[in-house]
Amino acid sequence: MYLNYFATDIFHRSAVCESDACRVSKTMIADVFKWKFDANELWSLLANRDEIFPHIRGRKFIHEHFGLFVQMTIAYVIVIFSIKRCMRDREPFKLTNALRFWNFFLSVFSIYGSWAMFPFMVEQIRRFGLYGCGCEALSTLPSQAEYWLFLTVLSKALEFVDTFFLVLRKKPLIFLHWYHHVATFLFFCVTYPTQSSQIRVGAIVNLFVHAFMYPYYFIRSMNIKLPAKISMAVTVLQLTQFVCFIYGCTLMYYSLATNQYTCDTPMFALNSTFGLSLSYFVLFANFFHKSYLQRGGKAKYRSEKKVN
Ligand SMILES: CC(C)(COP(=O)(O)OP(=O)(O)OC[C@H]1O[C@@H](n2cnc3c(N)ncnc32)[C@H](O)[C@@H]1OP(=O)(O)O)[C@@H](O)C(=O)NCCC(=O)NCCSC(=O)CC(=O)O
């Protein structure tokens, strides 16, 4: 089993804690009070002028900036709720073109990223099978895919901008939205440095789902009415992704219970993938029920049904 330096480091930075969870928590808390941002390293990684993407450096960057990422997340939550409060007695901003540009940018990013990753995913599935691909693909991904993986992790911070549009335009800010943004970003910051196959597959699948979701939002921000079936299809795609993650984790728990666990995924990453996917599944299933089923579905989807 391959567990790289960063995962090992996470576990061994404390001499007092007995359990993995305790060690991880201690490390997290200590890093939050430090200020560290190596802009040169980030720029050098993003520009990636080398033929081979130095993915170990990428993982080291994410690992060593964990404190900064937590600070960013705390700031995000404080700022969005402060803006929401400030906007109570004000007119909403329109931000029409900015929102269109933003959704267009994320659509291109997700579609191009999925396109770039697709051949590597197919190759990995062909070589290792579905289970092996998400569990014990010991070879590293080709350089281009590793680069996209790094960008995907960073893009989870960029997605915070979605919420600024929501609160400035005085659109409803549902728990699912900001919880998902916070949890996904922190999850990838903690698990990406471990270089586990499962996390890799998760990031690629999520990028693929976003290749549908952001074009959907882009079309909506162009004021184009879409049939309710399209919204429903995007939600079903999101739900399917969570079902796949839960199923994958269940298989891994089974192999663990039967002493056949050969996965390169550390336990804390497996447990967080399972817990997070389960929580997303419950929240999205509830969203699906309330938006499309309960009392004939929400008015916005019902009226679109009539239009189309
Ligand atoms: C069909 C969905 C994709 C979207 O459902 P919604 O109810 O948000 O859809 P909607 O058509 O009513 O759009 C809501 C309003 O927000 C505007 N809007 C535009 N761009 C947006 C953006 N990037 N993020 C959030 N909202 C945005 C829309 O134009 C619309 O404004 P107006 O009212 O003016 O028309 C759904 O499956 C879903 O994800 N719902 C959860 C809400 C959410 O925040 N999802 C994104 C993060 S979750 C995620 O990313 C999951 C994953 O990782 O797979």
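Buried, in these legends, means under 20% relative accessible area. The views below all come from a predicted model.

**Figure 1. The whole chain is built from helices, with zero strands.** Welcome to the overview. The secondary structure comes to 13 helices, and from the N terminus on every element in the run α-α-α-α-α-α-α-α-α-α-α-α-α is an α element. Of the 308 residues in the chain, 47% are buried. Taking contacts between residues at least 6 apart in sequence, 78% join residues at least 24 apart.

**Figure 2. The largest nonpolar core takes in 68 residues.** The residues with the most contacts inside this core are Phe61, Ile62, Phe69, Met117, Leu149 and Phe150. Have a look at Met117: leaving out residues up to four places away in sequence, Met117 touches Ala145, Trp148, Leu149, Thr152, Ile204 and Leu207. Another core, of six residues, lies apart from the largest one and includes Cys135, Cys249, Met252 and Leu270.

**Figure 3. Helices α6 and α8 meet in a left-handed crossing.** Here the axes of α6 (residues 96-135) and α8 (residues 160-168) come within 11 Å and cross at roughly 155°. Angles over 145 degrees count as roughly antiparallel, so α6 is roughly antiparallel to α8. On the α6 side, the contact is made by Ala98, Leu99, Trp102 and Leu106, while α8 brings Val161, Asp162 and Phe165. These contact residues divide into six nonpolar, no polar and one charged.

**Figure 4. Helix α8 has five named buried positions: Phe160, Asp162, Thr163, Phe165 and Val167.** Zoom in on what lies over them: the cover includes α5, α6, α7 (143-158), α9 (175-191) and α10 (197-221). Just after α8, Lys170 takes a positive phi of about 55°.

**Figure 5. Thr73 sits in helix α5 and touches Phe160.** The helix that holds Thr73 spans residues 66-86. With a relative accessibility of 5%, Thr73 counts as buried. Besides Phe160, Thr73 touches Val182, Phe185 and Leu186, when residues up to four places away in sequence are not counted. Phe160 may be familiar from the previous view, where it appears among the buried residues of α8.

**Figure 6. Helices α3 and α4 also cross in a left-handed way.** The axes of α3 (residues 39-47) and α4 (residues 55-64) come within 11 Å, crossing at roughly 140°. From α3, the residues making the contact are Glu41, Leu42, Ser44 and Leu45; from α4, they are Arg57, Gly58 and Phe61. By type, the contact residues divide into three nonpolar, two polar and two charged. Phe61 is worth a second glance, being one of the residues with the most contacts inside the largest nonpolar core.

**Figure 7. Phe53 lies in the loop between α3 and α4.** Is this loop residue buried or exposed? Its relative accessible area is 2%, so Phe53 is buried. Beyond neighbours within four places in sequence, Phe53 is in contact with Leu45, Asn48, Ser143, Glu146, Tyr147 and Phe150. Of these partners, Leu45 also takes part in the contact of α3 with α4, and Phe150 is among the residues with the most contacts inside the largest nonpolar core. Look too for Gln144: although Phe53 and Gln144 are 91 residues apart along the chain, their C-alpha atoms are separated by 7.0 Å.

Terms used. Residues numbered from 1 in each chain as written. Predicted model: local features only at pLDDT ≥ 70, side-chain atom pairs only at ≥ 80, totals over all residues. Heavy atoms only, no water. Axes fitted to C-alpha atoms, helices over the stretch in contact; angles between N-to-C directions. Helix = DSSP H or I, 4+ residues; strand = E, 2+ residues; numbered from the N terminus. Parallel < 35°, antiparallel > 145°, perpendicular 65-115°, else oblique. Left-handed = near helix turned anticlockwise from the far one by under 90°. Contact = heavy atoms within 4.5 Å. Nonpolar A, V, L, I, M, F, W, Y, C, P; charged D, E, K, R; others polar. Core = buried A, V, L, I, M, F, W, Y, C linked by side-chain atoms within 4.5 Å. Buried < 20%, exposed > 50% of the residue type's maximum accessible area, 1.4 Å probe, protein only.
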